Each structure stands twice: as structure tokens, then as C-alpha cells.
Amino acid sequence: MSRVDQFQKDGYLVIDGFNSAEDCDALMQRAMWLAERYDYKGHPSIFETGNQTMSADDYFLNSGDEIAYFFEKDAFDPKGQLKKGLFESLNKIGHAMHDLDPVYDRFSRSPQMRKLAAELGMSEYLVIQSMHIFKHARIGGEVDVHQDSTFLYTEPNTCVGFWFALEDATIENGCMWATPGGHKTPLRSWFRRKEAAGLEMHVLDSSPWEMHGMQPLEVKKGACIVLHGALPHYSQPNTSGKSRQAFAIHTIDPAAHYPERNWLRRETQSLRPL
Ligand SMILES: O=C(O)CCC(=O)C(=O)O
């Protein structure tokens with residue numbers, strides 16, 4: 001079966017050995033380099049997928065155009081002080097490194113990435129966001145079941161995610177889980193700006209998630225998982241002693257309508273393709 005057929009059938013595609021170990025290491029080193037330069041002033045932005053309406057602060061809302069830093073919810077003691085070092089406390093960096101940082105730009109638009117995009121008929125697709133997800137040992141939190149089109153909503157739905165394993169991803173350290181064919185179920189919600197201020201999870205379809213068919217997508221460092229925007233997927237907390245770093249980019253078709261009310265806005269730079 002061709003990759004295109006497999007992707008249409010399952011809603012995801014696992015490609016082993018997509019990036020070299022050296023490229024994965026270079027991205028992890030870059031994240032550390034960025035974090036060392038992050039001027040944290042003691043006002044953290046916490047990222048918790050189960051609690052997104054709490055993220056309505058300006059730091060989060062402006063991060064579509066920035067390199068912004070988000071902490072694990074368990075990173076702080078009752079007095080609001082970091083329990084560990086800053087790097088080990090980070091949940092993710094997002095959401096515009098692919099346009100603002102040369103190392104992330106090269107990784108996101110590598111020759112193999114452009115070849116894959118052409119094979120999937122996505123050469124024109126725009127990279128709308130990027131995330132370096134740390135899932136640090138023992139502290140890396142769960143990512144609740146979601147569909148990426150909820151957060152990068154277009155009419156019609158065109159969001160496709162590319163998730164790159166920078167380290168081995170196993171059940172123990174919080175690999176991704178998904179159900180083959182799950183993308184054929186409806187889009188459940190649209191995460192958007194309210195008419196006035198703040199954010200809301202607007203329900204489009206109240207069907208429950210079908211959890212019984214979820215399979216662990218355990219992959220080696222260097223693998224790429226392509227994710228259809230309507231595919232429900234999640235990852236469990238990292239209870240192991242090994243981190244599970246990953247980098248993800250999300251893309252949309254420029255021909256689709258991108259509503260003003262989407263949470264992620266690009267105010268200062270225009271979008272660029274893969
Ligand atoms: O890396 C993870 O654990 C979750 C990432 C994810 O859900 C995504 O990239 O859409």
C-alpha cells in the first residue's frame with residue numbers, strides 16, 4: 001500500500017529513520033541553548049492540555065508569533081518557586097521557532113520533509129506552528145485526547161501534523177497513542193477566541209472518544225509520525241527515568257479559510273510553506 005493510501009486509511013503514518021540521530025541531537029541542543037537564554041522573570045505560563053481555557057493570558061495568546069516557554073504544572077512548589085532547574089521544568093517551547101530560529105527552520109524544511117510533503121500532495125502547505133515537547137523524566141505531563149484541527153481549525157479541515165521523535169518513545173516514557181481510522185470520526189471541538197476576551201472550547205460534536213482501539217505508537221529516535229488533523233490522539237505522563245523529547249510542526253492548506261477567531265494568530269510575520 002502506498003503511503004498516501006495508508007495515511008488515508010489510518011489517519012496516521014509512521015516513518016522510521018526519517019531524521020538522523022545527529023539532526024535530533026542538534027535540535028535538542030538548540031532547545032537547551034534557547035532555554036539558557038530565556039529571561040524567566042518568575043511569571044510562569046503553565047501548559048496543561050486539560051485546562052486550556054486557563055491559558056488565556058497574553059503570553060500564551062501572543063506565542064503564535066514568538067519563541068515562548070511553558071512549564072509543567074508540577075514544576076512549582078506551593079510558594080510558586082521552581083522545584084528543579086528551569087530546563088527540566090519545561091513542558092514545551094512554541095510556537096514559531098520554525099520561522100524565527102535557523103536551526104528549527106532547517107529541521108522543519110529539510111529535503112526529506114519537502115520530499116514527503118510532495119508525496120502527500122502538500123507542497124503548498126504552510127507551517128503554522130511548531131512545538132518542542134520535552135516530556136522530561138518523571139515530570140512530563142499527559143497530553144489529553146484531542147484532534148489537532150481543534151487548535152488549528154480551517155474550513156474545510158486541512159490541518160496535518162508532523163511529529164518527530166528526538167528520542168526513543170515508549171509506553172513508559174509517554175509515546176503517542178491513536179486508533180487507526182479514528183480520523184473518520186467528527187471534529188469534536190474548536191478552540192477559539194471568545195467574541196469579547198478570553199478563549200473557549202466550542203463544542204461541534206459531543207460524541208465521546210473511542211478509547212478501546214487506541215494503540216501505542218512506540219517509535220525510535222528519528223521517526224516521523226504524520227497525523228491527520230481529525231485523528232484523536234494522546235500521550236500519557238512520563239513515569240520513567242528517561243525523557244521523551246519530540247518536535248512537532250502543524251501545517252494547513254493555504255486554500256482553506258483560517259478564521260480570525262482561531263487562538264493562534266500571526267500578527268508580525270507571514271506564513272511560509274514547508
Ligand atoms: O508529544 C506529545 O506528547 C503530544 C503531541 C501532540 O499531541 C501533537 O503534536 O499534536
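A polar contact is a pair of N or O atoms within 3.5 Å; within protein, one must be able to donate a hydrogen and the other to accept it, and residues adjacent in sequence count only if both atoms are side-chain atoms. One caveat before we start: this is a predicted model, where local features need pLDDT of at least 70, side-chain atom pairs count only at pLDDT 80 or more, and totals for chains, interfaces and linings use all residues. Residues are numbered from 1 along each chain as its sequence is written, and side-chain values use heavy atoms, with hydrogens and water left out.

**Exercise 1. Work out what surrounds the ligand.**

Step 1: start with the shell. A residue is near the ligand if one of its heavy atoms lies within 4 Å of it. That gives 13 residues, the closest being H146, D148, W163, S235 and R244.

Step 2: sort the shell by type. You get six nonpolar, four polar and three charged residues. Here Ala, Val, Leu, Ile, Met, Phe, Trp, Tyr, Cys and Pro count as nonpolar, Asp, Glu, Lys and Arg as charged, and the others, Gly among them, as polar.

Step 3: look at ligand oxygens facing side-chain N or O atoms. For H146 the distance is 3.1 Å, for H233 it is 3.0 Å, and for R244 it is 2.7 Å.

Step 4: check the cover. On its own the ligand exposes 290 Å², and the protein buries 96% of that (Shrake-Rupley method, 1.4 Å probe).

Step 5: find the elements. Those giving two or more residues to the shell are β4 (126-133), β5 (143-146), β12 (233-235) and β13 (246-252).

**Exercise 2. Describe the fold as a whole.**

Step 1: count the elements. The chain has eight helices and 14 strands, taken as DSSP runs (helices H or I, at least four residues; strands E, at least two) numbered from the N terminus.

Step 2: test the packing. The radius of gyration is 18 Å, close to the 19 Å of the globule rule for 274 residues, so the chain is as compact as a globular protein of that length. The radius is taken over C-alpha atoms, and the rule is 2.2 Å times the number of residues to the power 0.38.

Step 3: check burial. Buried residues are 54% of the 274, where buried means under 20% relative accessible area, exposed over 50%, and partly exposed in between (1.4 Å probe, protein chains only).

**Exercise 3. Place A26.**

Step 1: A26 sits in helix α2 (residues 21-37).

Step 2: its relative accessible area is 33%, so A26 is partly exposed.

Step 3: A26 and F107 are 81 residues apart in sequence, yet 9.4 Å apart in space, C-alpha to C-alpha.
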